[in-house]
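Here is a short, friendly tour of a binding site, written with a computational chemist in mind. Have the structure open as you read along.

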Amino acid sequence: MTDVHTGRVLSMVSHMLCPSVILELGTFSGYGTLCLLEGLGESGRLHTVERNDELFDLQDEFWSQSTRNGHIQRHHDMAMNVLENWDALGSGAVDLAYVDADKQGVVEQLNALLPLMSNRGWILFDNTWWNGTLAEATGPKPDALRELNARLKSDPGLLTTTLPVGDGLSAVRVLPRG
Ligand SMILES: C[S@@+](CC[C@H](N)C(=O)[O-])C[C@H]1O[C@@H](n2cnc3c(N)ncnc32)[C@H](O)[C@@H]1O
């Protein structure tokens, strides 16, 4: 879940980039969606993916408070399914992605996202500090986050800064490939 400080950073980054296409993985209440929406380009589109449709009423209630809610496209789907079928949607390259769904899937999601990113693309990953317990924590989630952090550090095509906000928010500039 995105806390208010992280939410303000999402808004700030979105304003700085003025993205035409935003993709959020993991919607939950829709709070992060609204924060990202604040900086979306005038005729842009914000796609957000959520597997649990029991949250949709809550999201609709939240989003109805924004005059720009017509720019939100919700996908009731699994994150990987949307990533794997992105080209068929015809939605264009992604300028800003916010990865905040299942933590076990973050590396797979990164790999699937990279070919979809625009030449000015940025990816934000939430929870990359895991409450400061990554050195000793065991289990699939911390394992995946350790693998992600190692990848973000070693991949020469990714420039990463982890911001000390919330539970760690890693901001990744994706260098143009090929
Ligand atoms: C941490 S919450 C997202 C918080 C949200 N980004 C915000 O700003 O408040 C994670 C959400 O991702 C959803 N989720 C988890 N794994 C998913 C997956 N593989 N595909 C789609 N949604 C997923 C969960 O149902 C949950 O609502």
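What volume does the largest pocket have? The answer is about 620 Å³. Please keep in mind that this model is predicted.

**The pocket**

A total of 30 residues line the largest pocket, and those nearest its centre are G26, E50, D100, A101 and D102. Sorted by class, the lining comprises eleven nonpolar, ten polar and nine charged residues. Both strands and helices take part: at least two lining residues come from each of β1 (21–25), α2 (31–37), β2 (45–50), α4 (79–84) and α6 (106–113).

**The ligand**

Where does the ligand sit? You will find the ligand in the largest pocket. Around the ligand there are 17 residues, with T2, G26, E50, A79 and D100 the closest. This shell is made up of seven nonpolar, four polar and six charged residues. G26, E50 and D100 therefore deserve a second look in your viewer, as they are listed among the residues nearest the pocket centre and among the closest to the ligand.

**Polar contacts**

Nitrogen atoms of the ligand come up in each of the following contacts.

| Residue | Protein side of the contact | Distance to a ligand nitrogen atom |
|---|---|---|
| E24 | N or O atom in the side chain | 3.1 Å |
| G26 | polar backbone atom | 2.8 Å |
| R51 | backbone N or O atom | 3.3 Å |

On its own, the ligand has 600 Å² of accessible area, and the protein covers 90% of that.

How values were computed: Residues numbered from 1 in each chain as written. Predicted model: local features only at pLDDT ≥ 70, side-chain atom pairs only at ≥ 80, totals over all residues. Heavy atoms only, no water. Near = heavy atom within 4 Å. Polar contact = N/O pair within 3.5 Å; in protein donor to acceptor, adjacent residues only side chain to side chain. Areas by Shrake-Rupley, 256 points an atom, 1.4 Å probe, with all protein chains shown as cover. 1 Å grid on protein atoms, 1.4 Å probe; cavity = no way out; pocket = protein on both sides within 12 Å on 5 of 7 lines; lining within 4 Å. Sits in = over half its atoms within 2 Å of the grid points. Nonpolar A, V, L, I, M, F, W, Y, C, P; charged D, E, K, R; others polar. Points joined across faces, edges and corners; volume = space filled by probe spheres on them. Helix = DSSP H or I, 4+ residues; strand = E, 2+ residues; numbered from the N terminus.
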